[in-house]
Amino acid sequence: MVKKEEIGELFYRNGLIPVIKIDSADTADGLATALRRGGLSVAEITFRTKAAPKVIERFASCYEDILIGAGTVTKKDEVDAAISAGAQFIVSPGFNPSICEYCLGKDVPIFPGVNNPSLIEQAMAMGLNILKFFPAEVSGGAKALNAFRSVYQQVSFIPTGGIQENNINEYLSLKNVLACGGSWIVSADLLEAGKFDEIERLVKSARRAMIGFLPIVQEGIDEENQSRSMRDGGCIEVKTPSIKRTLAMLSYFKAYVIPGSEIENKQGLLEVSVGIPGLHAQIHLVE
Ligand code: 3PG
């Protein structure tokens, strides 16, 4: 269970909060596995479907390593349902003082949506300093957030709305952005079709886009308490235009190919893992 004061840090570390509309709790397990494998440890389940409380309950009881929150919360009974299902934070599309007060009274973190200075100041007056910026793209995007930065230095934002892999870094490069919210990696269609591999691929692709390479921790699931445990080492996945040239350059570090890790076609190597003496993680090269 993540401590309340650590939620902002966890948002920052993830960089991306998937905003999820899920129609049936039957797909919750597949979703959780795809998020884990992709490397995300946070999810926002929106109250746009009746299944939301059940899905939150499933995550809270079986996947403790994923910080689970409720999104699109606009009514007090939804706050109640979210909290009793085990949600650890609440997100609302707009700034509704009575919803914010209700959450604060229950000591549950609330991240209301704002998109102008007046709303930011009203939220600040309630002691809130992490705010959703919604709808981000049509409210001035990264330029607007940059303008807020000098005036509201103590506020951090979670821009959401119109953000995808191709523009996420415009936001993440701003000092007052903790993480971006987005629905593109977990679309309702992918969930309904059970395309969890595709969800995992989209998560990995987004994480790679955020920092230029992909850190992959080799983890196992401890079946008994469903927590993740670290296996030895991990790997850093790097996409390169030429595996051959990269191997040549890495020979300086006495890099060696991990036997059996090569994936190739007629044109040559497509993927390979290399070890470097003294380096705990392997490097997985993808061409
Ligand atoms: C939200 O509820 O936060 C938004 O609908 C998500 O916006 P997106 O679908 O443009 O990512």
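**Close-up 1. Cys62 and Cys100, two cysteines in a predicted model.** Cys62 is buried, at 17% relative accessible area (buried means under 20% relative accessible area, exposed over 50%, partly exposed in between, with a 1.4 Å probe and protein chains only). There are zero disulfides in the structure, a disulfide being a pair of cysteine sulfur atoms within 2.5 Å. For Cys100, the nearest cysteine sulfur belongs to Cys103 and sits 6.9 Å away. Cys100 is buried too, with a relative accessible area of 0%. A word on the model: it is predicted, so local features need pLDDT of at least 70 and side-chain atom pairs count only at pLDDT 80 or more, while totals for chains, interfaces and linings use all residues. Residues are numbered from 1 along each chain as its sequence is written, and side-chain values use heavy atoms, with hydrogens and water left out.

**Close-up 2. The ligand and its surroundings.** Around the ligand sit Val19, Arg48, Lys132, Phe134, Thr160, Gly161, Gly162, Gly182 and Ser183, each with a heavy atom within 4 Å of it. Ligand oxygen atoms turn up in several polar contacts (pairs of N or O atoms within 3.5 Å; within protein, one must be able to donate a hydrogen and the other to accept it, and residues adjacent in sequence count only if both atoms are side-chain atoms). Lys132 brings a polar side-chain atom to 2.6 Å from a ligand oxygen, and Ser183 does so at 2.5 Å. Gly162 takes part through a polar backbone atom, 2.7 Å from an oxygen of the ligand.

**Close-up 3. Pro159 in strand β7.** Strands (E, at least two residues) and helices (H or I, at least four) are DSSP runs, numbered from the N terminus. Pro159 is buried, at 0% relative accessibility. Its C-alpha atom is 5.7 Å from that of Lys132, though the two are 27 residues apart along the chain. Leaving out neighbours within four places in sequence, Pro159 has contacts (heavy atoms within 4.5 Å) that include Phe133, Leu145, Tyr171 and Cys180.

**Close-up 4. Helix α7, residues 141-151.** Gly141, Ala142, Ala144, Leu145 and Phe148 are the buried residues here. They fall within an arc of 155 degrees seen down the helix axis, so they line one face of α7; the arc is that of the directions from the axis to the C-beta atoms. Lys143 and Ser150 are exposed on the other side. Among the elements covering the buried residues are α6 (117-125), β6 (130-133), β7 (156-159) and α8 (168-172).
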